[in-house]
Amino acid sequence: MEAFFNSQSSSRSRWSYDTLKNFREISPVVQNHIKRVYFTLCCAVVAAAVGAFLHVLWNIGGFLTTVGSIGTMVWLLSTPPFEEQKRLSLLMASALFQGASIGPLIDLAIAIDPSLIFSAFVATSLAFGCFSAAALVARRREYLYLGGLLSSGLSILMWLHFASSLFGGSIALFKFELYFGLLVFVGYVIVDTQEIIEMAHFGDLDYVKHALTLFTDSAAIFVRILIIMLKNSSERNERKKKRRD
């Protein structure tokens with residue numbers, strides 16, 4: 001493993017990035033765009049929290065809210081950028097449906113240990129913030145090459161999930177999907193952040209679409225972190241019961 005990273009670092013030092021990167025600092029226009037993206041992302045997170053709370057109250061989360069989230073997402077992406085208010089409303093609706101769809105997992109966490117919800121949120125915020133900041137301070141296009149690897153990883157996850165649904169899965173496969181999926185979506189935070197910066201430099205200032213992209217990444221990370229915490233908590237409780245017995 002060490003030899004691999006050494007070879008990668010040595011190859012980087014030999015390569016010329018003049019045609020791949022542009023080392024100019026982020027312009028004020030792009031900086032303002034990034035601020036709007038993250039503010040909109042925070043509003044979407046609040047909407048998702050409201051959706052999860054509505055599920056806890058009225059048990060509305062399920063297949064229909066998942067379809068609603070995907071439908072409003074497609075509607076948003078097919079709406080022209082100049083219809084800003086409509087697209088913002090669709091983003092908030094999609095986030096609310098997404099939060100309601102995560103509601104059953106929130107119910108499970110409340111039953112096992114309610115503090116895990118806050119812990120998972122903090123862990124997600126830290127992971128998202130650190131990797132997004134790494135992408136912001138890095139040189140332009142430095143991590144874009146990871147996009148192909150992450151797409152391949154996402155494809156592997158989809159095929160594994162499809163195979164396990166058909167032929168049945170194992171605990172080891174479930175753990176692999178969980179941790180590998182977390183790694184993939186954390187990587188997407190870096191790549192998507194740099195893609196947003198790059199598109200903004202070329203005039204694509206669609207902050208609603210960009211906020212949707214980052215919200216999808218953060219939601220996927222939160223779900224996986226919460227499942228990992230729930231699983232670890234359940235295993236600890238089982239070990240305690242065995243010791244008592």
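The legends below describe close-up views of a predicted model of one protein chain.

**View 1. The whole chain is built from helices, with no strands.**
In this predicted model, the chain holds nine helices and zero strands, so that the order of elements read from the N terminus is α-α-α-α-α-α-α-α-α. Of the 245 residues in the chain, 36% count as buried. Among the contacts in the chain with a separation of 6 or more, 85% are made by residues that stand 24 or more positions apart.

**View 2. Helix H2 packs against helix H6.**
Helix H2 covers residues 28-58 and helix H6 covers residues 115-137, and the two pack at an angle of about 165° with their axes 14 Å apart. Because angles over 145 degrees count as roughly antiparallel, H2 and H6 are described as roughly antiparallel to each other. The crossing in which H2 passes H6 is right-handed. On the H2 side the contact is made by Ile-34, Tyr-38, Leu-41 and Val-45, while H6 contributes Phe-121, Phe-128, Ser-132 and Leu-136. Sorted by class, the residues of this contact of H2 with H6 comprise seven nonpolar, one polar and no charged.

**View 3. Helix H3 meets helix H9.**
The axes of helix H3, residues 63-78, and helix H9, residues 207-244, come within 10 Å and cross at roughly 150°. With that angle, H3 and H9 are therefore roughly antiparallel to each other, and H3 passes H9 in a left-handed crossing. Met-73, Leu-76 and Leu-77 of H3 meet Val-208, Lys-209 and Leu-212 of H9. By class, the contact of H3 with H9 has five nonpolar residues, no polar residues and one charged residue.

**View 4. Two of the spans that UniProt lists under "transmembrane region" are shown here.**
The unreviewed UniProt entry lists residues 37-54, 60-78, 90-110, 116-136, 143-162 and 168-191 under this name. Over residues 60-78, the model is 84% helix and 0% strand, and the C-alpha atoms at the two ends of the span are 27 Å apart. Residues 143-162, also in the list from the record, are 85% helix and 0% strand, with end C-alpha atoms that lie 29 Å apart.

Conventions
Residues are numbered from 1 along each chain as its sequence is written. This is a predicted model: local features need pLDDT of at least 70, side-chain atom pairs count only at pLDDT 80 or more; totals for chains, interfaces and linings use all residues. Side-chain values use heavy atoms; hydrogens and water are left out. Axes are lines fitted to C-alpha atoms, for helices over the stretch in contact, and angles run from 0 to 180 degrees between N-to-C directions. Helices (H or I, at least four residues) and strands (E, at least two) are DSSP runs, numbered from the N terminus. Angles under 35 degrees count as roughly parallel, over 145 as roughly antiparallel, 65 to 115 as roughly perpendicular and the rest as oblique. A crossing is left-handed if the near helix is turned anticlockwise from the far one by less than a right angle, and right-handed if clockwise. Contact means heavy atoms within 4.5 Å. Ala, Val, Leu, Ile, Met, Phe, Trp, Tyr, Cys and Pro count as nonpolar, Asp, Glu, Lys and Arg as charged, and the others, Gly among them, as polar. UniProt positions are given in the numbering used here, feature names are shortened, and annotations may be inferred rather than shown by experiment. Buried means under 20% relative accessible area, exposed over 50%, partly exposed in between (1.4 Å probe, protein chains only).
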